[in-house]
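Please look through the structure below before reading my comments on it. I have kept them as numbered points so that each can be checked in turn.

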Amino acid sequence: VLDEASILHAIVSRGRSDRFYTAVGSILIALNPFKSISECYGDDIIAQYTDADPSLPPHVYAIAAAAYRDMREGGRSQSIIVSGESGAGKTETTKHCMRFLTTAAPDDGTGGRALERIIMESNPVLEAFGNAATVRNDNSSRFGKYFEILFDTGTGAITGGRITSYLLERSRVARPGPGERNYNVFYQLCAGASNAEREEFHLRAPDAYRILSGAPDEGARDGARYSELLMALDSIGISDEDRSSVLRVLSAVLHIGNAEFVADTSREGDGGGARFRTCDDIVIGGEMLSVDRDVLCGALTTRTITTGGGGGARGRERGGSVYTIPLSVEEAEDARDVLIKTLYARLFDWIVDK
């Protein structure tokens with residue numbers, strides 16, 4: 001009888017004997033072992049499942065092999081859905097599926113192997129910019145993603161790929177949860193940047209930044225992963241100039257995120273408003289974005305409305321009256337958070353598009 005109790009019993013029993021995959025019909029249930037099981041993967045294991053031996057035990061490679069085989073034999077696109085709660089192992093499972101497909105596909109001599117390398121190198125980039133440590137998972141994907149790998153209908157070789165992302169957790173940029181970390185890339189940058197980069201981007205330790213403070217420090221691992229990230233960016237075709245621009249935007253988010261506001265008691269008669277407690281970080285943030293300091297400060301502490309002639313620039317062109325209204329401390333903090341969340345989300349989308 002196939003019911004919830006029998007399935008759970010089978011999963012627990014298999015897990016206790018280090019068999020972390022259980023097949024239920026065409027569905028594969030993966031139990032996160034929370035330890036390294038590298039002996040269960042690799043090119044030799046991939047070769048076994050490529051041959052489609054029905055006596056082999058359930059494995060993520062078997063799912064990928066079936067999808068690839070059905071695509072070749074049936075001439076139809078296939079989908080593999082990876083689902084589960086936070087910490088279940090979705091990120092690692094997805095990487096194993098991609099590893100199988102890029103290894104099992106033949107090399108037709110038209111550059112397929114280079115494409116396979118690029119597809120696999122996208123993983124450390126997406127994990128740096130889209131993953132974060134949470135209370136349940138030290139490398140949790142904080143966005144949804146759809147990988148599409150394209151194959152030649154004749155040879156079965158890889159001809160290209162696409163990544164579609166959705167629902168990036170923008171709120172984490174400004175306010176990570178208690179005991180959680182912001183996106184990995186910020187810590188990697190702070191830990192692994194060269195002396196020249198530290199000077200150029202005015203970088204300090206993570207606890208010097210409001211949006212990173214209070215999170216566990218993993219400097220050695222973050223530094224190593226920063227080196228991996230730089231190599232991956234190079235592998236997927238990010239130029240040195242674009243890489244520098246990426247780092248400038250990341251630095252701007254860190255510095256602007258440090259902006260603190262206090263009530264401006266010197267502004268009487270117009271409802272007061274907010275002013276910066278200190279300007280050092282906001283000046284650096286403006287410099288990183290090539291934005292005039294006064295323009296940036298004004299954008300974070302005031303709002304402009306136009307009356308008569310319609311709103312916005314068109315209203316001003318038609319002779320409307322323009323009023324600049326100071327923001328309260330709370331409103332200025334909200335403006336700061338909206339700015340850094342939008343900057344990071346735009347950067348993330350650009351990375352995915354690249």
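The points below cover the model itself, one helix and some aromatic rings.

1. This is a predicted model, in which local features need pLDDT of at least 70 and side-chain atom pairs count only at pLDDT 80 or more, while totals for chains, interfaces and linings use all residues. Residues are numbered from 1 along each chain as its sequence is written, and side-chain values use heavy atoms, with hydrogens and water left out.

2. Helix α1 covers residues 4–16, where helices are DSSP runs of H or I with at least four residues, strands are E runs of at least two, and both are numbered from the N terminus. The buried residues of α1 (buried means under 20% relative accessible area, exposed over 50%, with a 1.4 Å probe and protein chains only) are Ile11, Arg14 and Gly15. They lie on the same side of α1 because they cover an arc of only 100° around the axis, the arc being that of the directions from the helix axis to the C-beta atoms. On the face turned away from this buried side are the exposed residues Ala5, His9 and Arg16.

3. The structure holds 8 aromatic pairs, meaning rings of Phe, Tyr and Trp (its six-membered ring) with centres within 6.5 Å, counted as stacked when the planes are under 30 degrees apart, edge-to-face when over 60 and tilted for the rest. Tyr49 and Tyr61 form an edge-to-face pair, because their centres are 6.4 Å apart and their planes at 70°.

4. Tyr49 is buried, with a relative accessible area of 6%, and Tyr61 is buried at 0%.

How values were computed. Expected span 1.5 Å × (residues − 1).
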